[in-house]
Amino acid sequence: MGLRDAVTAARVSWDTLPATDLGPLAVVLVDRIAANGQPETQQLFATTCVARWHDLDDAARQRLIDAIPRTVLIGAAEDLLETAAPPHDAAAALAADLADPDAIRLAARSLTGAGRREGDRAAELVESIFRGVAAGRLIPGDSVLAAAVDLIEGFEKHGRRELLPRIVELAASVTASGRASPAASELSALLSDPNRSGHRLLRSTLRRGDAAMRGLAWRWLCTGALKTAALDRVARAADVAEHEAILASWHLVFRPARAAMLAQIDLKTRSIEDAAVLRPDGPLPDERAVRELSVEARRGLGPLAAASGLRPALRRLALEPMLADPDTQARAVFARAASASDLPDLCLDADERVARTAALRWSSTGVDGASFRIPVRASERARSRLGDLIRRAPTAWARRIALDESARRDPWAHGVAGRLVLRRWLRDEPESLLGVARSRMRAGHALERIQTITSLRRIRRSDLILDELIALARLDETALDGGLRVAATAIAAIGEMQGIDDPRIAAVLEDATASRDVRVRANAIEAIAALDPKRGRDALLAVRSDAEHRVRANAVRGLLRAADREGGVRYEPVVIESIEEMLHDERPMHRLAAAWLTERESRVISCGEPRWEGVITRVGEMSSEEMDERVRRRAARSALRVIASNRTRAGDAVKAVA
């Protein structure tokens with residue numbers, strides 16, 4: 001019998017043969033076909049074998065797969081599925097045995113009528129191919145895309161719900177790639193067109209899917225026809241893997257539209273021992289889940305919670321477990337999103353990055369309207385107490401920021417920040433400032449009084465407390481509790497009040513010139529010279545050789561300034577003579593005072609004028625030969641200052657000529 005006749009005879013009797021006879025007969029025929037068969041004969045025999053493929057034994061199946069081209073077997077099975085009585089079990093078994101991506105559509109079509117055993121095998125093949133595509137191991141061909149469409153359209157017949165999440169992943173990758181083909185367009189349309197019959201099925205899959213579906217929902221939260229379903233899916237997380245699916249891409253929250261959608265989710269809590277905690281099935285992980293998250297996920301929790309628009313109390317519940325996170329970078333990221341109540345703890349962190357980030361956020365630097373306000377509110381007092389605590393932080397950055405913050409909130413603090421606060425206070429509530437300043441002057445201790453006077457002097461508003469200054473400048477009222485120092489400070493402030501016509505000022509300064517305290521007398525002499533130059537010159541000349549170096553230096557300085565205003569015609573020779581006398585004085589403190597004087601008034605000392613030659617030469621000698629270390633250091637500074645001043649004047653002269 002010829003080969004074709006044998007194949008035809010086998011086909012006629014194939015359906016009635018026992019399963020035990022099918023394998024041996026198929027092996028005999030396939031060997032003859034492999035040796036001498038024509039393509040038409042292979043096609044005929046493939047159709048015959050595929051019809052009862054599930055009844056063949058394993059050896060016969062493998063022999064047929066090796067001998068007959070796979071495309072022929074797949075084509076034969078697809079043709080049989082178009083008949084009136086399609087052999088779904090046989091097609092499913094063949095697709096599973098081939099384990100080839102080209103057989104995926106055959107497997108998908110066979111699922112609509114296959115039994116449980118063969119259907120499970122075909123479904124496993126489909127799912128493995130879909131997973132390979134999602135993982136990037138396989139390139140999705142048109143057969144894979146068409147199989148996905150077939151599975152969606154035939155879902156009511158096969159009911160294989162476990163395949164739907166993989167189809168959604170495949171559709172997402174195809175849509176993102178922008179692939180152009182009929183099968184790709186058909187699959188993408190199922191996602192984007194709510195009127196398609198399979199769209200509702202995909203929407204339901206996204207809403208109820210696994211961790212991978214939650215990750216896709218996070219991406220689709222603000223776009224497309226599935227955003228409502230995506231919002232429902234993002235709002236629930238059953239385990240740590242589902243939290244990881246979003247936290248792995250936490251950076252997507254910085255898109256405003258996505259953050260706005262996330263803010264619509266109601267973050268629910270439950271009560272445990274009268275304490276509110278997050279529910280474990282909510283959109284953000286609770287304390288137990290946070291401990292089980294990966295390091296990368298924990299690093300993204302802070303920004304995600306901060307950008308989601310949560311109320312401060314809920315955000316604190318969500319992020320509080322991060323306070324003791326072992327990962328330094330996770331704490332540093334958390335410090336950028338922590339609530340105000342958690343910042344003090346983070347400021348005390350041992351890691352510099354964490355502490356600095358938290359301290360900068362806690363600080364009011366750059367915040368409009370964050371200056372010191374009177375009367376002091378309870379919140380500001382609490383902030384001051386926190387500042388005292390942070391000043392003892394283990395990191396230098398946190399301590400420095402806390403010190404700067406204290407200065408910005410203290411109107412009596414030394415520096416620019418204190419002056420700024422004081423000026424704002426004077427601008428906004430002058431009566432309040434005046435009341436506090438007078439109270440500090442009348443009832444405060446010596447240091448507080450000096451601090452108040454000095455602060456108002458820096459903003460040129462000592463006149464606000466003139467009555468108090470006059471009272472404190474009198475020795476009989478300020479003899480105790482550092483009163484002499486207070487009196488000296490008050491007199492110095494009075495000496496800056498040019499243009500105020502008050503007879504009490506002259507009387508107070510006159511009394512102060514007879515004080516037993518050197519500082520008081522020195523400041524009084526300087527004040528008289530500044531307020532009344534004509535009368536002051538006589539007083540300065542009278543004490544320019546005083547036994548006290550401080551009084552003597554202030555008197556000579558006053559004469560020098562008066563000479564500078566007059567052009568140096570009448571009094572400057574006397575001044576230069578006095579300075580030279582002090583520089584050659586055998587008493588170290590007088591030499592020190594002279595060096596201080598030349599440093600402070602270096603702007604009027606000219607290296608090119610013979611009258612200053614003796615002063616300049618003597619200061620230079622003292623900077624290297626002086627035995628007293630304090631005098632030598634001061635003389636060196638004075639010499640440098642004189643040189644710098646002369647260079648500046650020379651540069652200005654050159655510019656003027658040019």
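This is a dialogue on how to read some features of a predicted model.

Me: Where do I start with aromatic rings, and how many aromatic pairs does a search of the whole structure find?
Reply: A pair of aromatic rings is described by the distance of the centres and the angle of the planes. Searching the whole structure gives 2 aromatic pairs.

Me: Why is the pair of Trp 250 and Phe 254 called edge-to-face?
Reply: Planes over 60 degrees apart count as edge-to-face. For Trp 250 and Phe 254 the planes stand at 75 degrees, so the pair is edge-to-face, with ring centres 5.9 Å apart.

Me: Are Trp 250 and Phe 254 buried, partly exposed or exposed?
Reply: Buried means under 20% relative accessible area, exposed means over 50%, and partly exposed lies in between. Trp 250 has 24% relative accessibility, so it counts as partly exposed. Phe 254 has a relative accessible area of 54%, so it is exposed.

Me: What are the distance and the angle for Trp 412 and Trp 425?
Reply: The centres of Trp 412 and Trp 425 are 6.0 Å apart and the planes are at 65 degrees, again an edge-to-face pair. Trp 412 sits in the loop between helix 25 (396-408) and helix 26 (416-428), while Trp 425 belongs to helix 26, 13 residues apart. Both Trp 412 and Trp 425 are buried.

Me: Which charged residues lie over a ring?
Reply: Such a case needs two things to be read together, the residue with the charge and the ring beneath. Arg 383 has its charged end over the ring of Trp 362, 4.5 Å from the centre of that ring. Arg 356 lies over the face of Trp 397, and here the distance to the ring centre is 5.2 Å.

Me: How do I read two helices that cross, such as helix 27 and helix 28?
Reply: Read the distance of the axes, then the angle, then the hand. Helix 27 (residues 430-443) and helix 28 (residues 446-458) have axes that come within 8 Å and cross at roughly 140 degrees. This crossing is left-handed.

Me: Which residues make the contact of helix 27 with helix 28?
Reply: From helix 27 come Ala 437, Arg 440, Met 441, Arg 442 and Ala 443. From helix 28 come Glu 448, Arg 449, Gln 451, Thr 452, Ile 453 and Leu 456. Sorted by class, this contact has 5 nonpolar, 2 polar and 4 charged residues.

Me: What should I look for in the backbone angle phi?
Reply: Most residues other than glycine have a negative phi. Ala 99 has a positive phi, near 50 degrees. Its place is the loop between helix 6 (88-98) and helix 7 (104-110). Arg 460 also is not a glycine, and its phi is positive at about 60 degrees. Arg 460 is in the loop between helix 28 and helix 29 (466-472). With a relative accessible area of 66%, Arg 460 is exposed.

Me: Where is Leu 346, and what does Leu 346 touch?
Reply: Begin with the element, then the accessibility, then the contacts. Leu 346 is part of helix 22 (residues 343-347). At 1% relative accessibility, Leu 346 is buried. Leaving out residues up to four places away in sequence, Leu 346 touches Leu 323, Phe 334, Ala 335, Ala 338, Val 354, Ala 355 and Ala 358.

Me: Where is Ser 623, and what does Ser 623 touch?
Reply: The steps can be repeated here. Ser 623 lies in helix 37 (residues 613-625). Its relative accessible area of 24% makes Ser 623 partly exposed. Not counting residues up to four places away in sequence, Ser 623 touches Arg 632, Ala 635 and Ala 636.

Me: How do I set separation along the chain beside separation in space?
Reply: Read both numbers for each pair. Thr 71 and Ala 103 are 32 residues apart along the chain, with C-alpha atoms separated by 8.8 Å. Thr 71 is in helix 5 (residues 70-81) and is exposed, with a relative accessible area of 62%. Asp 15 and Cys 347 are 332 residues apart along the chain, and their C-alpha atoms are separated by 82 Å. Asp 15 lies in the loop between helix 1 (3-13) and helix 2 (19-36). For Ser 623 and Ile 33, the values are 590 residues in sequence and 115 Å in space, C-alpha to C-alpha.

Notes:
Residues numbered from 1 in each chain as written. Predicted model: local features only at pLDDT ≥ 70, side-chain atom pairs only at ≥ 80, totals over all residues. Heavy atoms only, no water. Phe/Tyr/Trp six-rings, centres within 6.5 Å; stacked < 30°, edge-to-face > 60°. Buried < 20%, exposed > 50% of the residue type's maximum accessible area, 1.4 Å probe, protein only. Helix = DSSP H or I, 4+ residues; strand = E, 2+ residues; numbered from the N terminus. Lys NZ or Arg CZ within 6 Å of the ring centre and 35° of its normal. Axes fitted to C-alpha atoms, helices over the stretch in contact; angles between N-to-C directions. Left-handed = near helix turned anticlockwise from the far one by under 90°. Contact = heavy atoms within 4.5 Å. Nonpolar A, V, L, I, M, F, W, Y, C, P; charged D, E, K, R; others polar.
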